[in-house]
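Please open the model in a viewer and keep the sequence panel beside it. The tour proceeds by selections, each followed by a short account of what is found there.

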Amino acid sequence: MTLHIVNGDSTAGTLRLSGIKGAVFSFAHALISGPAPGYIDRKTWRETRATHLSTLYGISLAECKRRLLQQEVALESFSQHEEVVMWFE
């Protein structure tokens, strides 16, 4: 099965409606905004990003952490797919 990685929920919805086969994953996290420190463990990185995103977008900290972990798990699954297609501008 193909994994399609897209940049946002709107693009994901359009791709799902298109009839193109495969799993669709929406990477809806702009790393250009706020801290994205390198060389730290994953949990600390998620904490840092979640704190920033929850404050910026008014989403609960728990929800931000959940989404970031879900995103991480989806990205790590790439090797379980026959093909990975990235849909970005």
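Which residue just after α2 takes a positive phi? Select G58: its phi is about 70°. The model under examination is a predicted one.

**The whole chain**

Display the complete backbone before going further. The protein has three helices and three strands, and along the sequence these follow the pattern β-α-β-α-α-β. The C-alpha trace spans about 35 × 25 × 25 Å along its principal axes. Of the 89 residues, 29% are buried. Among contacts between residues at least 6 apart in sequence, 39% join residues at least 24 apart.

**Helix α2**

Next, select residues 42-57, which form α2. Does the length of this helix in space agree or disagree with its 16 residues? At 1.5 Å a residue, α2 should span 22 Å, and its end C-alpha atoms are 22 Å apart, so the two values agree.

Move to the N-terminal end of α2, which is capped by D41. There, a side-chain oxygen of D41 lies 3.2 Å from the backbone nitrogen of K43.

Now colour R46, R49, A50, H52, L53 and S54, which are the buried residues in α2. The spacing of such positions can be read against the geometry of a helix. An α-helix has 3.6 residues a turn, so residues three or four places apart point the same way. Show α3 as well, since α3 is included in what covers the buried residues of α2.

**The loop before α2**

Select Y39, in the loop between β2 and α2. Is Y39 buried or exposed? Y39 has a relative accessible area of 90%, and because exposed means over 50%, Y39 counts as exposed. Its phi is near 60°, a positive value in a residue other than glycine.

**The largest pocket**

Display the surface and turn to the largest pocket, which has a volume of about 500 Å³. Its lining consists of 18 residues, with S26, A28, H29, R67 and Q71 lying nearest the centre. The elements that give two or more residues to this lining are β2 (23-26), α2 and α3. The largest share, seven residues, comes from α3. By class, the lining has 10 nonpolar, five polar and three charged residues.

Keep the pocket in view and select Q71, which is placed in helix α3. Q71 is buried, with a relative accessible area of 10%. Leaving aside neighbours within four places in sequence, Q71 is in contact with F25, F27, A28 and H29. Of these partners, A28 and H29 are also among the lining residues nearest the centre of the pocket.

**The loop after α3**

Finally, follow α3 (61-76) into the loop that leads to β3 (83-87), and select S77 there. S77 is buried, with a relative accessible area of 14%. The side chain of S77 reaches the backbone oxygen of A74 at 2.7 Å.

Select F78, found in the loop between α3 and β3. How does F78 count in terms of accessibility? At 48% relative accessibility, F78 counts as partly exposed. Leaving aside neighbours within four places in sequence, F78 is in contact with L3 and V84. As a last step, draw a distance from the C-alpha atom of F78 to that of G38: these residues are 40 apart in sequence and 22 Å apart in space.

How values were computed
Residues are numbered from 1 along each chain as its sequence is written. This is a predicted model: local features need pLDDT of at least 70, side-chain atom pairs count only at pLDDT 80 or more; totals for chains, interfaces and linings use all residues. Side-chain values use heavy atoms; hydrogens and water are left out. Helices (H or I, at least four residues) and strands (E, at least two) are DSSP runs, numbered from the N terminus. Buried means under 20% relative accessible area, exposed over 50%, partly exposed in between (1.4 Å probe, protein chains only). A polar contact is a pair of N or O atoms within 3.5 Å; within protein, one must be able to donate a hydrogen and the other to accept it, and residues adjacent in sequence count only if both atoms are side-chain atoms. On a 1 Å grid over the protein atoms alone, a cavity is a set of points where a 1.4 Å probe fits but cannot get out, and a pocket is an open set with protein on both sides within 12 Å along at least five of seven lines; lining residues have an atom within 4 Å of a point. Grid points are joined across faces, edges and corners, and a volume is the space filled by probe spheres set on the points. Ala, Val, Leu, Ile, Met, Phe, Trp, Tyr, Cys and Pro count as nonpolar, Asp, Glu, Lys and Arg as charged, and the others, Gly among them, as polar. The expected span of a helix is 1.5 Å times one less than its number of residues. Contact means heavy atoms within 4.5 Å.
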